[in-house]
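Trainee: I would like a close look at one part of this protein, its charged contacts. Please work through them in order and then set them beside other local features.

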Amino acid sequence: MRKIKGYEEGARGDEGEEDGYEEGGRGEEGEEGQDVLGKGLWVRGAATLPAAPKTEEGKLVVYLEKLDALGLVGRGRRPSGILTVLLKKYWPGLYRTIPDGPQKLALKWEDYHAAPCGVMTTTTEDGRRVVPTCAQVVLRTFWEHYKVSAGTDQREATAVLELMAKKNLRDTFYHIRQLAISHYYTEQGKRRNKDRVIVENLTIEDDAGWERICPPWCVNKKDGWCALVRYWTEDEEFKARSIQNKANRGSGGTHNQGNKPFPLYEKDMVAANGGQEIPRIQVWQTAHKKKELVEGKVVYYGKTEESVESYSKAFKALHGEDSDPLSQPLDEMAVMISGGGKPHGRTSILNAVNKPTITLPQIRHMTSSSGVCLPPRPRHPTQTSDDALFEALRAGAPPPLYVEPPVVPPLPKMPTKTEFLAQLYGRTPVSALPYY
C-alpha cells in the first residue's frame, strides 16, 4: 500500500472490486478500508474487473429482482457492482461520432450507445474494421461474467440491465464529484467526509485542484475529466438542477437501509426472523424507522406514519374493520387508494418494489368494497361524483350509494336547409330555368 496525495490508491476492496477511490466504512463483503492520514477518513480503494469464467457453468446466475434491477442467485460479485466497474472502464470521456466532428462529453447511457470504443476494434475476414460502441462492449463484457436463470428471457434481462446502467451512471457522477472534493480537502489536511461535503456545499475553486485529484479510472482521459469538471462548475443548467435536487432531498434522511436494496433488506429481515415470512408493509415500515427515539417514542422518516395510517384506513374499508392491515399481504388497491394513485408516477408505499396492476380510474368506478366495477359514467350534479367515492374509500368510510342519473330527453331534430325552405315558403323552391 502507498499513500498518494492524501488517499490510498490500489487498496483492495470487495474481492478486488475497483471503484476508483471510494469512501465508506466497509466494502460489499465487509472488508475495511484504509485510514487516510490518520484523520479518520476511510477509503475502500480501487477494484479491478475479475477474470471472466472460461465455461458457461462457471458464470454467476442473475434473475429479475425488480422491474429495473437484476438480483444475484447465491453469493458473489453483485451485478450492480460489476456494471459500475464496466461503466467506468469504458467511459468514453470526450468522443466524436464522425472523424473531425465536434466533441461531446459522455454523461448519459445514450452517449455510450453513440460513442465508438476504439480499443475493442475487430477485423472481419474480408478485411473490414468493425468498431463497436461503448454500450455494446459494456453489455457484452457483463454477460461474459453472468448468465440468466432458467425461465428468464435474455432480451428482457438485457433491457433491465440497460435501465440499471442509466441509474448507475447517474449515481456514479454524483458520488464521484462529492468524493473528489472530499479527497481534495483530505489532501489539504482537513477531514471532510462525503456527508459534510454535501451538507456544507463544498467545492474546489481552482482548476489545478480538480486536475490533481483525477480518479484512477480517468487517468487516461484527462481531457474528459477536465470537461466533466467544467460541466460541474460552469454549466448553469446543471447548477440549477443540482440546487433543486438538493432541496427535494431535504436533510432528514429517507430510510435506514443504507446501501442495501429493499429485496436484500427484506431477505435479511426474514433470515433474522427464523425464515418466517414478514408482510412487506411491516418490512417497509421498519426500513423507514429512525434508530434514535424521541422522548421515548419511535420516530419514522418523512411521511411514513401518515402513509401507513392512510393505507390501514383504506385496507379496513375494503376488508372490514376487524382486518389487520400490517399482518396481511400487501393490497395493491389499498396502496393506490391511500396514496391518491401515483402522483408524479410514484406510489406512496413500496414504489420501487410493488407495481400495481389496477389503475386509479378503475378504483374510482367501484361502487362498493365487494369489487364490482361499473363502466365509466358521465358526471352530473345529481350523481355521486367519482371524487366523493374515492375520498370515502381513502378515509375508511363506507362507499356512498350510486345514484342513477336522470333520463336526458333527446335533442330536437334540426331541419335541413331544404326542409327549412319548404316550411317557410310552403314548397321547395325549384326553378325549371337553367342557371347562368
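To begin with, which residue forms a salt bridge with Asp-171, and how far apart are the closest N and O atoms?

Mentor: The model is a predicted one. In it, the salt-bridge partner of Asp-171 is Lys-167, and the closest N and O atoms of the pair are 2.8 Å apart. A salt bridge is counted where a side-chain nitrogen of Lys or Arg is within 4 Å of a carboxyl oxygen of Asp or Glu, so a separation of 2.8 Å qualifies. Both residues belong to helix H4, which covers residues 154–187. Because Asp-171 and Lys-167 are four residues apart in that helix, about one helical turn separates them. As for their surroundings, Asp-171 is partly exposed at 26% relative accessibility, and Lys-167 is also in the partly exposed class, at 43%.

This pair belongs to a longer list, since the search of the whole structure finds nine salt bridges. Another is formed by Glu-237 and Arg-241, with an N to O distance of 3.7 Å. Here too the spacing is four residues, this time in helix H8 (residues 236–249), so the two are separated by about one helical turn. Glu-237 has a relative accessible area of 57% and is therefore exposed. Its partner Arg-241, at 36%, is partly exposed.

A further salt bridge joins Lys-104 to Asp-111, where the closest N and O atoms are 3.5 Å apart. The cut-off for buried is under 20% relative accessible area, so Asp-111, with 6%, is buried. Lys-104 has 46% relative accessibility and counts as partly exposed.

Next, the backbone. Most residues other than glycine have a negative phi. Asp-100 has a positive phi, near 60°. Its place is the loop between strand E7 (94–95) and strand E8 (104–105), and at 78% relative accessibility Asp-100 is exposed. Leu-350 is another residue other than glycine with a positive phi, in this case near 50°. Leu-350 sits in the loop between H12 and helix H13 (360–364). With a relative accessible area of 4%, Leu-350 is buried.

Helix H12 (332–338) also bounds the loop that holds Leu-326, with helix H11 (304–319) at the other end. Leu-326 counts as partly exposed, at 25% relative accessibility. The C-alpha atoms of Leu-326 and Phe-315 are 9.6 Å apart, and the two residues are eleven apart in sequence.

Nonpolar residues also appear on the surface. Phe-420, Leu-424 and Tyr-425 make up a nonpolar patch there, with about 360 Å² of accessible area together. Of these, Leu-424 lies in helix H15, residues 417–425. A residue in such a patch must have over 30% relative accessible area, and Leu-424, with 52%, is exposed, so that requirement is met.

Last comes the empty space. The second largest pocket holds about 290 Å³. It is lined by 16 residues, and those closest to its centre are Pro-116, Cys-117, Gly-118, Val-119 and Cys-134. Sorted by class, the lining has eleven nonpolar, two polar and three charged residues.

Methods
Residues numbered from 1 in each chain as written. Predicted model: local features only at pLDDT ≥ 70, side-chain atom pairs only at ≥ 80, totals over all residues. Heavy atoms only, no water. Patch = residues over 30% accessible without salt bridge, like charges linked within 9 Å, V, L, I, M, F, W, Y side chains within 5 Å. Areas by Shrake-Rupley, 256 points an atom, 1.4 Å probe, with all protein chains shown as cover. Buried < 20%, exposed > 50% of the residue type's maximum accessible area, 1.4 Å probe, protein only. 1 Å grid on protein atoms, 1.4 Å probe; cavity = no way out; pocket = protein on both sides within 12 Å on 5 of 7 lines; lining within 4 Å. Points joined across faces, edges and corners; volume = space filled by probe spheres on them. Nonpolar A, V, L, I, M, F, W, Y, C, P; charged D, E, K, R; others polar.
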